[in-house]
Amino acid sequence: MAEQLWIAGAGGVGREALDTAVAAGVPVAGFLDDRAQGGTVRGLPVVVPAELPAGAPYLIGIADPAVRLRLAALLDGIGGVARTLVHPRALIAPETELGPGCLVMGGAYVSSSVRFGAHSQVHYNATVGHDSVLGERVTVYPGGNVSGSVVLADGATVGSNAVVLQGRKVGRGAFVGAAAVVTRDVPEETVVVGSPARPLRRSDQG
């Protein structure tokens, strides 16, 4: 029997990761979550992340890239092994490389010759075009459309139903808002919204 997977995060993305594991036939031991420790989620126990057994496989089911960075450091430090999980109804084209700890949900399409860094996520019904490069802890939310030869730097996020056009770069830690259309490169640590996507003004952030 395969070794059981632990999912870090018992919230919405964590439960969707569980759905992915169930569909893929991957047994799950439980969840790792400080806030829900001692309880159960979907009938599985929830313990603190520090209680991950040494050598156990884990997947981080949390959308926030900064939290993924912190948790990966903790779990790797106590001997955990990052596991990549792909839904059987996702399509991964040839010559694509998924780094450790990646999550690809149902209905996602990843085209040819794409490279993923560790702990990146492609949510349901999202697409990633040919020859794109995703850094570590990248998130493509449901329905996001990343065109070919795009670079998404470490910690970048593409919001639901957003589009990143061919050959563009989204910088480290940048956030593309829902339904935005990226027609030019996005600087690091910048939030862009609209069509065409523009940086969010401070006055817009309330």
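The legends below describe close-up views of a predicted model.

**View 1. The six-stranded open sheet, with strand order E3-E4-E2-E1-E5-E6.** The pairing within this sheet is mixed. Its edges are formed by strand E3 (40-41) and strand E6 (81-82), each of which pairs on one side only. At the E6 end, strand E5 (residues 57-60) runs parallel to E6 and is joined to E6 by two bridges. Within this pair, Pro57 stands opposite Val81 in E6.

**View 2. Pairing around strand E4 (44-47), which follows E3 in the strand order of the six-stranded sheet.** E4 pairs with E2 in the parallel sense over two bridges. Leu32 has Val47 in E4 as its bridge partner. Two bridges also join E4 to E3, but here the strands run antiparallel. For Thr40, the bridge partner in E4 is Pro45. E3 and E4 form a hairpin with two residues between the strands, and Arg42 in this hairpin takes a positive phi near 50 degrees. In general, most residues other than glycine have a negative phi.

**View 3. Helices H1 and H2 against the six-stranded sheet.** Helix H1 (residues 12-24) lies across five strands: strand E1 (5-8), strand E2 (28-32), E3, E4 and E5. The direction of H1 is at about 170 degrees to that of E2. Helix H2 (residues 65-77) also packs on the sheet, where E1, E2 and E5 are the strands touched. The angle between the directions of H2 and E5 is about 170 degrees.

**View 4. The annotated span of residues 5-72.** An unreviewed UniProt entry carries the annotation "domain: PglD N-terminal" for these residues. In the model, the span is 31% helix and 28% strand. The C-alpha atoms at the two ends of residues 5-72 lie 15 Å apart.

**View 5. The largest pocket, with about 200 Å³ of space.** The lining comprises Gly9, Gly11, Leu32, Asp33, Asp34, Arg35, Pro49, Ile62, Val67, Arg70 and Leu71. H2 gives the most to this lining, contributing three residues. By class, five of the lining residues are nonpolar, two are polar and four are charged. Leu32, one of the lining residues, is also the bridge partner of Val47 in E4.

**View 6. The second largest pocket, with about 160 Å³ of space.** Residues that line this pocket are Pro65, Ala66, Leu69, Arg137, Asp154, Gly155, Thr157, Arg172, Gly173, Ala174, Phe175 and Glu189. Here too, H2 gives the most to the lining, with three residues. The lining divides into five nonpolar, three polar and four charged residues.

**View 7. The four-stranded open sheet, with strand order E11-E14-E17-E20.** Pairing in this sheet is parallel. Strand E11 (115-116) and strand E20 (169-170) are the edge strands, and each pairs on one side only. Strand E17 (residues 151-152) pairs with E20 in the parallel sense over two bridges. In this pair, Leu152 stands opposite Val170 in E20.

**View 8. Backbone geometry at Ser113, in the loop between strand E10 (109-110) and E11.** Ser113 is not a glycine, yet its phi is positive, at about 60 degrees. The loop that holds Ser113 leads from E10 to E11, and E11 is an edge strand of the four-stranded sheet.

**View 9. The cis peptide bond from Ser195 to Pro196.** The omega of this bond is near 0 degrees. Pro196 is placed in the loop between strand E23 (191-193) and strand E24 (198-199). In general, most peptide bonds are trans.

Notes. Residues numbered from 1 in each chain as written. Predicted model: local features only at pLDDT ≥ 70, side-chain atom pairs only at ≥ 80, totals over all residues. Heavy atoms only, no water. Pairing = 2+ DSSP bridges. Contact = heavy atoms within 4.5 Å. Axes fitted to C-alpha atoms, helices over the stretch in contact; angles between N-to-C directions. UniProt positions renumbered as here; feature names shortened; annotations may be inferred. 1 Å grid on protein atoms, 1.4 Å probe; cavity = no way out; pocket = protein on both sides within 12 Å on 5 of 7 lines; lining within 4 Å. Points joined across faces, edges and corners; volume = space filled by probe spheres on them. Nonpolar A, V, L, I, M, F, W, Y, C, P; charged D, E, K, R; others polar.
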